[in-house]
Amino acid sequence: MKIEHFKTRHIGIKTEDLKTMLQTVGVESVDQLIDETIPKDIRLKQPLDLPKALTEMEYADEINRLASANKVFTTYIGMGWYNTNTPAPVYRNVFENPAWYTSYTPYQAEISQGRLEALINFQTMVSELTGLPLANSSLLDEATAAAEAASMMYGLRSRKLVKDGVETLFVDENVFPQTLSVLRTRMELVEIEVVVGNYKNVNFEESNYFGAIVQYPNSNGNVDDYREFVEKAHDSECKVAVATDLMSLVLLTPPGEWGADIAFGSSQRFGIPMYFGGPSAAFFATRDEYKRNVPGRIIGISKDAYGKEAYRMALQTREQHIKREKATSNICTAQALLATMSSFYAVYHGPKGLKDIATRIHSTASFVENALSGFGFKQKNHTYFDTLRLELPDNITQDNVRDMAEMRSINLRYFDGGDVGISIDETTDYSKVSELLAVFAMSVGSSKEFSVEDIDEKIILKPEQLRKSPILTHENFNLYHSETELMRYIKRLERKDISLAHSMISLGSCTMKLNAASEMLPLELPGFRNIHPFAPEDQTEGYREMIEDLESMLAEITGLAGTSLQPNSGAAGEFTGLLVIASYLKSIGQGHRKTILIPASAHGTNPASAVQAGFNPVTVASDSKGNVDMVDFEKKVAEHRDDLAAYMITYPSTHGIFEVEIKKMCEMIHEAGGQVYMDGANMNAQVGLTNPGVIGADVCHLNLHKTFAIPHGGGGPGVGPICVADHLVPFLPGHPVAFESDLNTVSAAPYGSAGVLAITYGYIRMMGTDGLTEATKMAILNANYLAEKLNDTYGIVYRGANGRVGHELILECRGLKSVSGITETDIAKRLIDYGYHAPTLSFPVAGTLMIEPTESESLSELDRFASAMLNIHKEIIEVSRGEYTKEDNVLVNAPHPEYEAVADDWNHAYPRSKAIYPLPYVSENKFWVNVARVDNAYGDRNLVSCLCQVSAEE
């Protein structure tokens, strides 16, 4: 009996399509194409040893079993994660909506206006709550944001501090432990000393610091007054960064108003489930004068070609790919989808709603303190927002409290030294307060029953601690407080953006494949959503089983020995892999090795990651065919033999080819005493056919948001686990709270963005060995099919030894520019009129387009895309022949927005129909853009990154 397998739903190419495709490519079979594409000496000899593929129904049963194995307790642990009420219209219309979660980072502004507005809402929310004028559009998590703040402060040292060799960072002892651990990891690699102590005891006259980091409220929950500390720090040219809590800032005086230079933290409690630690969006705000030093992405306001206001990514757009080792940070993917959700949380509640929530949290904490004091529990925080630190009565131990708490399915925080912590959140209702009080009553032997029916609004913070400035004054935060209005606002923004729900997104090196509904659905299960990352192990058995199995499967796929899922982006994975190499080299007395060889064809973030990890990147040239120049490679291996730490190669390269000398290169690096790091950005061309272990790599990071089906979310979440060879396993990341060792901690949560791991787990379990292998073959077939379809018009920049491309191809556009004046940017913008997102623009080769179709696209979609590209080529030829001028043609004026199309006047030499409906299929399903080409230069010259600035101007 025939059973339907998931792979037939995931892979777009059907058996009946193969004859046409193979004929176009010029091979007899798919296997012949693979033989001509991948070098024989790196092919797998045996199929992957993975569990049998599950049907979608079987997987649903399996993932439900795992979710049910987790125990959902009421959690008061805090420490950066809190229960929250995700507004149903936000969860339903954004998080579960493919138009939002399958979109890409908004490099192409004209087809990204919706999520760009949502992200500038996020920036505005952060800026106003922190009291600082400039915010970015998210970072990975609070702990890595702290490291970015430290690096930024270091880069901002005055000439005097640089001259005096000041390289010491002060960190207050009451920051969250995971933040301190990540700071130590990151700072050690770049030889920055971290001094931990009590901020009250710092003597700036005796100690020189370039930066200081404090927490507000601190890890204990206390709200300290840092004004005097900040003044003294600034007098000594020391900058101050503040880890803070957005919900608390609804009530508290914001850091920007008492002198902080940087404020950062997590926006998780603005509507994002805990998900065992992530994903959720970190925030980062600073002074306007530091705008060119800010890590991550900033959304700004510009104008289009006709003067209409438009949003765009400003300043840092793709900076790693341009600045390489000189980039301010290696961050590429952030947490855009989660930032978007948090922004809608603020839009939905508005300033009054947020104040009501914050006041309720604070009042509840005060009520609980008063009630517990009657049982002899002493509250040790002088002032607090939501967190109590309780000293227990004599003869009462943590175990007494823990036993009573677990009996009622409640988690508390247990401090070293015997204190107990309670962090109240917005879900703490009257019944939960009653249960909480009963726990402490029972622990002291009282049988008193509680039935809390009301809690008076009570602010116990001092007047000078309370916020005086208004928040969220822009109309976006004051118009959409009914579900109907919010739903329509979300839909209005959604309609402005192209996603995989509209058409193929052919971005090279980005692998925009299907994010299947059956992989996404488990994220709604309470057993995954509502688990704190520091919950006891016996409450997280389902998560741990899934994680262990996923680690094992990824190790098998890569041919390596061990896996860490902690890195929460691809760039974080790069850094972590290099960190592990550094730790290993140090352990064998080779810590002096600091040179990383990186081919020019490697992924763009590699040089920035190498610098962040304390290494010195050296570029290896490419030859005329796009391969690593072996003469230059051998020369540089010899030149750096004594200090060579590693070779960092992307395979297949971003030039879209499998290099035949790869094994030889790995052998030469090992013979010289170095390690081989393989960037897994292009792993979609390897799975099931070859792997890093067979090739000779020692460490490889993977992009689960590329190869393994986690959605891009408009710029995050990303997950970048690393797999390593046996000798590197002891150096995989630890964690100060959840693991026995805190060695090499790289993320706030022990398993990074654990909540989305179920997507990759589902992808592998449902595809199985055969499905994964077939997916790789189809990805390579699709790329070669498009290469042949477009070869005679555009030309392909690089091909492999046998004339084949890998899973992506670089389209030549430079010759067309020379005869017509039409640039690759013009082609990219014209594609929008055809309903397509542009391929990767001018990377890795300037003046070209890089295309990656993935295995998920159908033959009809490939043909539709090819017809668009071929018709655009005809349009370019028309310009080259003088049929239309270089100043007025459908390409330089693209895209053509709806408001121009329906205007009474049409001031172009070409007809409207040519501009708007260039091919018949377009008229049947037109994607309308609401802005013309966005003026990038204007937006950078006139940076406006907060809607509050627009309100002020108005």
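Biologist: How many cavities of 30 Å³ or more does a search of the whole structure find?
Modeller: Nine. Keep in mind that this is a predicted model.

Biologist: OK, take the largest cavity. What volume does it have?
Modeller: About 230 Å³. Its lining has 26 residues, and Gly-80, Tyr-82, Phe-176, Pro-217 and Asp-245 lie nearest the centre.

Biologist: Which strands each supply at least two residues of that lining?
Modeller: Strand 5 (211-216), strand 6 (239-245) and strand 15 (420-423) each do.

Biologist: And how do the lining residues of the largest cavity divide into nonpolar, polar and charged?
Modeller: You get nine nonpolar, 12 polar and five charged.

Biologist: What about the second largest cavity, how much space lies in there?
Modeller: Roughly speaking, about 150 Å³. There are 19 residues lining the second largest cavity, with Trp-81, Asp-141, Glu-142, Gly-277 and Ala-748 closest to its centre. The lining splits into six nonpolar, 11 polar and two charged residues.

Biologist: Switching to pockets. What's the volume of the second largest pocket?
Modeller: That one comes out at about 630 Å³. It is lined by 27 residues, and those closest to the centre are Met-79, Arg-413, Tyr-414, Phe-534 and Val-737.

Biologist: Which elements each give at least two residues to the lining of that pocket?
Modeller: Helix 15 (398-407), strand 13 (410-411) and strand 14 (413-414). By type, the second largest pocket is lined by 15 nonpolar, four polar and eight charged residues.

Biologist: New topic: how many disulfides does a search of the whole structure find?
Modeller: Zero. Take Cys-666: the nearest cysteine sulfur belongs to Cys-700 and is 11 Å away, whereas a disulfide needs the two sulfurs within 2.5 Å.

Biologist: Is Cys-666 buried or exposed?
Modeller: Buried, at a relative accessible area of 1%. Cys-813 is in no disulfide either, with its nearest cysteine sulfur, on Cys-510, 16 Å away. Cys-813 is buried too, at 2% relative accessible area.

Biologist: Last thing, the open sheet of three strands. What order do they come in?
Modeller: The order is 23-25-24, with antiparallel pairing. Strand 23 (809-812) and strand 24 (840-841) are the edge strands, so each pairs on one side only.

Biologist: How many bridges are there between strand 23 and strand 25?
Modeller: Four, in the antiparallel sense, with strand 25 covering residues 848-851.

Biologist: And which residue in strand 25 is the bridge partner of Glu-812?
Modeller: Thr-848.

Conventions: Residues numbered from 1 in each chain as written. Predicted model: local features only at pLDDT ≥ 70, side-chain atom pairs only at ≥ 80, totals over all residues. Heavy atoms only, no water. Buried < 20%, exposed > 50% of the residue type's maximum accessible area, 1.4 Å probe, protein only. 1 Å grid on protein atoms, 1.4 Å probe; cavity = no way out; pocket = protein on both sides within 12 Å on 5 of 7 lines; lining within 4 Å. Points joined across faces, edges and corners; volume = space filled by probe spheres on them. Nonpolar A, V, L, I, M, F, W, Y, C, P; charged D, E, K, R; others polar. Pairing = 2+ DSSP bridges.
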